[in-house]
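Me: I would like to work through the inside of this protein step by step, beginning with its enclosed spaces. Could you answer my questions one at a time and show the reasoning?

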Amino acid sequence: MTGEDVFDVVVIGAGPVGEIAAARVVRGGLTAAVVEERLAGGECAYYACVPSKALLRPMELAAEVDRVPGLELRGPIDAPAVLARRDKTVSHLDDRGQVGWIEDLPATFVRGRGRLAGPLRVEVTAPDGTRSLRARHAVVIATGSDPLIPDVPGLSAARPWTNREATSVQQVPKRLAVIGGGPVACEMSQALHSLGAHETTMLVRGDRPLGRTEPFAGELLTASLLESGIDVRLGRSVTEVRRPVPDGPVTVHTDDGASVEADEVLVATGRRPATHAIGLDTIGLATDGPIQVDASMRVAGVPWLYAAGDVNGRSLLTHMGKYQARVCGDVIAARAAGAPDDRPGLRDTADDRGAPQVIFTDPQICAVGRTEARARADGFVVRAVEYDIGAVEGAYLRGEGYTGRAKMVVDEDRRVLLGVTFAGPGVVDLLHGATIAVAGEVPLDRLWHAVPAFPTVSEIWLRLLEEYGL
């Protein structure tokens, strides 16, 4: 391939963020090319959100059955059947459907490794040659993030799993060591344990998993992990990893002198923006760390360049990346047309108030906005109230021994919610109501008149507001 192809917008990255950015600029009347070296659809569709939830759903249902008298499982979870359904949810790692979706926008899909080659130019390297693309108006960087492997002696040489290997597993190991205590570590520990990794050990550096959530969330989850038979070791750092035989067992040594022997080791200690080797140096930008952007996703000092999703470091969540892509694409279309670019919806405000997040463990953990500690650190005058979700009639009806907790963090000066956290079985469906209340800054006196239906778990809202004093 030779020559230069010209489009209004060139998007580097065809994950959910890149796809949505392209869709929005096309909707705004512009032409677009989308460049992707790997699978169109991105990490979320094939190695993260989608397959992990397919692996977790049977565990969730099994736990629900266990809590309801009169129901019982007739045997262990059928791991091969679960893995087969997981394969179906990720289209057997075939991205033809996603490529077709992009082309139907319509946008031009370009397979290859894209990198900036100067202002408004992208060079695409593919097995059959190099293709040069030029953008009339904007280039969008939507390359996402990559798993982070800590610099621990022997760890890289031991060929550790990341989320990619864990969610695409074909043979569940009997012994699994998990390094980390964040969402991926917690979700994959429970999922793989339920599918046959009966000796699962979690090595958590902090005093609880999910250290960025309210303390009770990590505490409730720890109790559930331990009850299921997962060995949770808190306050432990990994000092060395050894795997003398490539396909043999792996030994993980910790700072207390102990060790864990496993068939596989999963590293889930975070992610880093995928900014390496995408040509940022050709336009004078740093090649490591997140790309700094403003609320319209425009890169500081480069008026034609935008970055959305994990790559800008604002919020490493798929739904937030897609939200940023909607903002980004609409802003680009408005600016290209000479239209006002400050209309409602053309600036990212959700990241400032706090992104909603769900950890699909048992119990489920979901939260939006600030924790109490974060709100106080940010200078708000705060009052927080908590309530036992299990004391709500609707929760009791979901099953025996329902255990959960809820918390709301209130800005006392304005009497609006700064954050809400739920932990318990099936609480995920409570989250969007909390997101509306936080993002919309709904006054508590008005929220009091949003009456929850009886008998549902949503009556937790009534109990929290009563606890507050309304």
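Me: How much space lies in the largest cavity?

Reply: The model is a predicted one, so the value is computed from predicted atom positions. A search of the whole structure finds 1 cavity of 30 Å³ or more. The space in the largest cavity comes to about 50 Å³.

Me: Which element gives the largest share of the lining of that cavity?

Reply: The cavity is lined by E60, A63, E64, R67, T361, D362, Q364, R398, P425 and G426, and by type these residues divide into 2 nonpolar, 3 polar and 5 charged. The largest share of this lining, 4 residues, is given by α3.

Me: Which element contributes the largest share to the lining of the second largest pocket?

Reply: The second largest pocket holds about 710 Å³ of space, and of the 25 residues that line this pocket, A63, R67, S224, E227 and D362 are the closest to its centre. Two or more lining residues come from each of α3 (49–67), α7 (183–194) and α8 (215–228). The largest share, 6 residues, belongs to α3.

Me: How many residues in the lining of the second largest pocket are charged?

Reply: The lining of the second largest pocket can be sorted by residue type, which gives 13 nonpolar and 7 polar residues. The remaining group, the charged residues, numbers 5.

Me: Which helix gives the most to the largest nonpolar core?

Reply: The largest nonpolar core has 59 residues, and those that touch the most other members are L116, L133, V139, I141, L305 and I332. With 9 residues, the greatest contribution to this core comes from the helix that spans residues 318–337, namely α9.

Me: Which residues does L305 touch, leaving out those up to four places away in sequence?

Reply: L305 is one of the residues that touch the most other members of the largest core. Once residues up to four places away in sequence are left out, the residues that L305 touches are L116, V139, I141, I283, L285, M297, R298 and V299.

Me: How many disulfides does the structure hold, and is C328 buried or exposed?

Reply: A disulfide is a covalent bond between the sulfur atoms of two cysteines. The structure holds 0 disulfides, and for C328 the nearest cysteine sulfur, that of C44, is 18 Å away. Because buried means under 20% relative accessible area, C328, at 0% relative accessibility, counts as buried.

Me: What is the relative accessible area of C366?

Reply: C366 is likewise in no disulfide, and the nearest cysteine sulfur, that of C186, is 15 Å away. C366 is buried, and its relative accessible area is 1%.

Terms used. Residues are numbered from 1 along each chain as its sequence is written. This is a predicted model: local features need pLDDT of at least 70, side-chain atom pairs count only at pLDDT 80 or more; totals for chains, interfaces and linings use all residues. Side-chain values use heavy atoms; hydrogens and water are left out. A nonpolar core is a set of buried Ala, Val, Leu, Ile, Met, Phe, Trp, Tyr and Cys residues joined through side-chain atoms within 4.5 Å. Buried means under 20% relative accessible area, exposed over 50%, partly exposed in between (1.4 Å probe, protein chains only). Contact means heavy atoms within 4.5 Å. On a 1 Å grid over the protein atoms alone, a cavity is a set of points where a 1.4 Å probe fits but cannot get out, and a pocket is an open set with protein on both sides within 12 Å along at least five of seven lines; lining residues have an atom within 4 Å of a point. Grid points are joined across faces, edges and corners, and a volume is the space filled by probe spheres set on the points. Ala, Val, Leu, Ile, Met, Phe, Trp, Tyr, Cys and Pro count as nonpolar, Asp, Glu, Lys and Arg as charged, and the others, Gly among them, as polar. A disulfide is a pair of cysteine sulfur atoms within 2.5 Å.
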